[in-house]
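Morning, everyone. Please have the sequence and the 3D view ready. I'll be brief.

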Amino acid sequence: MIQRISRIKAALPELTELESLLEEGKQYMRIRVPAHIQHQGEHLPFYVLEMGSNSPNAPVLSLVGGVHGVERIGTQVILAFMKSLIRRLHWDPVVRDQLENIRLLIIPLVNPGGMLDNSRCNPSGIDLMRNAPVEAEGKTPWLVGGQRISSSLPWYRGAAGQPMQPESQALSDAVHHALKGQKFCISLDCHSGFGTRDRMWFPYAKSTAPWPDIGAAHVLTELFEHSFPHHDQYLFEPQAHSYTTNGDLWDYLYDDYKAQQPDGCFIPMTLEMGSWLWVKKNPRHLFRYHGLFNPILPHRHQRILRRHLVLFDFLMAATRTMPDWAPATANEKGLALEAALGRWYPGYDGKLTSIV
Ligand SMILES: [Zn+2]
């Protein structure tokens, strides 16, 4: 598709794989490249793809990967899902019907420069998931919560008062545009590198107080757990149960959405694949930075690629039917909130955070 020097082809096979999928599935996609990311004289494409309905009323599912360049597996699970989706579209009327009723936004490789470098940060040394203009409420853990000391330390947010990085801005613009005027939206951002379980995190990252749409997140959680009782590898919980951070892009995008669409429902989820388990099973991971975030052994890699296909299918169906299950009336919202607080904040008697 695109002639690219062999150094990049070898170091960034995910981009080659993505472009071959775009060629294979172009009849089903709307493909845009709203930005190019500079990397040592190269201009790496920032792809934004859309599939399915173009109707302003269609609920939106966004799939995002590769925000942290070293977490290649996040991009790879999305590419695996895309490949399966494109091939099923040729023959499977159920998949076609599903896509006719939702808009699917896919940004599979947010940080191509970071992935090329095998680095968490972008080529300017900035952690994109600490780069949004959002300040945490209260104290965050040292460094991990985001720092402005130096780009040579991890979790660097960038200098105060600067615009967002091109990757963060392009991601925000694409999500903002797709969600505009939509009442029902879900997103899944795929990461790896924390803990031994696969965590499904919802906001806020900036606050330990319950997040306004926690009731809807609880209904979604119960839908999954009830429908797929044998897929109990996922731990659904607020991100702030693990740690709080400054500058989280999904906090930013959620608040942005809610300011435009106060009566809409947007559930931004982050899949944090529990890579410490791979380390435990194979201590060789400890000696390879890349291996702390990605499965090395071929059989484990294959297993991870297929492990989340059920989740993606579930999210397509759940997005489509959101108008049926998302709490809408004051009574439904009250009941959902009560159930959510009972599960994640037992004994909580404070207030929700400020946006509602
Ligand atoms: Zn990450």
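I'll take the metal site, then a pocket, then one helix. Keep in mind that this is a predicted model.

Start with the zinc ion. What coordinates the zinc ion? H68 through ND1, E71 through OE, listed twice, and H191 through ND1. The distances run from 2.0 to 2.5 Å. Along the chain, the donors follow the spacing H-x2-E-x119-H.

Now the geometry. The zinc ion has 4 donor atoms, with angles of 55 to 150° among them. The site counts as irregular, because a tetrahedral one needs all angles between 85 and 135 degrees and a square planar one needs opposite donors over 155 degrees apart. Are H68 and E71 buried or exposed? Both are buried.

H68 leads us to the second largest pocket. H68 is among the lining residues that lie nearest the centre of that pocket, along with R120, R130, Y243 and E272. The full lining has 21 residues. The space inside is about 270 Å³. By class, the lining has 8 nonpolar, 7 polar and 6 charged residues.

Which strands help? β5, residues 184-192, and β8, residues 265-273, each supply at least two residues of that lining. β5 gives the most, with 3 residues.

Last, helix α3, residues 72-89. Its 18 residues should span 26 Å at 1.5 Å a residue. The end C-alpha atoms are 26 Å apart, so the two agree. As for its surroundings, 13 of the 18 residues of α3 are buried, so the rest of the structure largely encloses this helix.

That's my tour. Thank you.

Methods:
Residues numbered from 1 in each chain as written. Predicted model: local features only at pLDDT ≥ 70, side-chain atom pairs only at ≥ 80, totals over all residues. Heavy atoms only, no water. Donors = N, O, S within 2.8 Å, 3.2 Å for Na, K, Ca; no water. Tetrahedral: all angles 85-135°; square planar, octahedral: opposite > 155°, others 65-115°. Buried < 20%, exposed > 50% of the residue type's maximum accessible area, 1.4 Å probe, protein only. 1 Å grid on protein atoms, 1.4 Å probe; cavity = no way out; pocket = protein on both sides within 12 Å on 5 of 7 lines; lining within 4 Å. Points joined across faces, edges and corners; volume = space filled by probe spheres on them. Helix = DSSP H or I, 4+ residues; strand = E, 2+ residues; numbered from the N terminus. Nonpolar A, V, L, I, M, F, W, Y, C, P; charged D, E, K, R; others polar. Expected span 1.5 Å × (residues − 1).
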